[in-house]
Amino acid sequence: MNATITGWGKCIPQPVVTNADLAAVVETSDEWITSRSGIKERHVSHVNNSDMAALAGRRALSAAGLEPSDLDYIIVATCTADRQIPSAAAYVQAKIGATNAAASDINAGCTGFIYGLSMAHGLIATGTAERVLLVGSERISAFLDLEERSTAVLFGDGAGAVIVERSDDSEGIQSMLLGADGNGAWALTATGLGTEFIGQEARMAIVMDGAEIFRNAVVKMSESVVEAIDRAGWAIEDIDLVIPHQANIRIIDAVRRRLKVSEDIVFVNLDKYGNTSAATIPIALAEAVDEGWIKSGSKVVFVAFGAGMTWGASAFVWGDRVLPESTIDDELPQTDMTGMEILMTKQEALHG
């Protein structure tokens, strides 16, 4: 039994924060952010993470022509769940009405979607499930400290989802590669969150050693692609599209140069959304399908690197479905707040 993707969807919250908006309150500029990351703007959420995840999930179900009751399992890849307990997936299950589905989260940082894809594959291969909703969803803006310039300008909110189904054909996942090095976990972390900080006056913020992350991301993402396509029996020249984690344009370009592939086959949308962690690949995938980058039989590679340190890649052959079976008109509730007003409200609560 193989596992293939039959539905896709995304959810991007309305409020936008541009580089110019950030430059008004942070010691930075549009030129500084763009030249170092490729990011021009990002979206911030006015609703809970699970609300975005549920809407992306409903859109993926519609694209696959399925009902929530058809699902056997829901996996939410996230590091910014609404609460420590219960899982974000439990909320998603209730919000979409998937009463027959088991539900759990997975936290592998920015590699979460690929880890989740491997988990979905395993559930299908063992006969535990036939249809899995896999969501990558993050509300990282809630954890940002605008005084931490190295991370405050990089991250955004959003959700992407796919339906992973059993297939008896040759389409779908051709190989999976996962890795981690916990010795490097210190290089990208959130302070002030978790049981480690109980009883401490710890500032809540995402902190990162950018140089360490850059060096390891370039090496591990490049190596992962090579090994994943080797396991699939492909050559570099066989790849039709690479969908990398959207963290930094310099990382993506460095990986592309190492692999010696053309810019034309690397999908990039981080200029619009910034780094949405586990959501970047499913958001990019949804856009790639809708914009015609992916066709029936396309050989696609997903690759990511994230906190942990974690990394992973998958070689994937796209099936026949390149148009959604149906679409829905559901949207997130509107808000009168601007993106910067949402960020500043959080900032004032953080620093009093």
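**Exercise 1.** What should the 14 residues of helix H5 span at 1.5 Å a residue, and how far apart are its end C-alpha atoms?

*Solution.* The model is predicted, so local features need pLDDT of at least 70 and side-chain atom pairs count only at pLDDT 80 or more, while totals for chains, interfaces and linings use all residues. Residues are numbered from 1 along each chain as its sequence is written, and side-chain values use heavy atoms, with hydrogens and water left out. Helices (H or I, at least four residues) and strands (E, at least two) are DSSP runs numbered from the N terminus. The expected span of a helix is 1.5 Å times one less than its number of residues, so H5 (residues 112-125) should span 20 Å, and its end C-alpha atoms, 20 Å apart, agree with this.

**Exercise 2.** Decide whether Trp234 is buried or exposed, and place it in the chain.

*Solution.* Buried means under 20% relative accessible area, exposed over 50%, and partly exposed in between (1.4 Å probe, protein chains only). Because its relative accessibility is 10%, Trp234 counts as buried. Trp234 lies in the loop between helix H7 (210-232) and strand S11 (241-244). Its C-alpha atom is separated by 9.8 Å from that of Gln174, 60 residues apart along the chain.

**Exercise 3.** Describe the sheet that contains S11.

*Solution.* The open sheet has 4 strands in the order S8-S13-S12-S11, with mixed pairing; strands pair if DSSP finds at least two bridges between them. At its edges, strand S8 (172-180) and S11 each pair on one side only. Strands S12 (residues 299-306) and S13 (residues 310-317) pair in the antiparallel sense over 8 bridges, and Val303 stands opposite Ala313 in S13.
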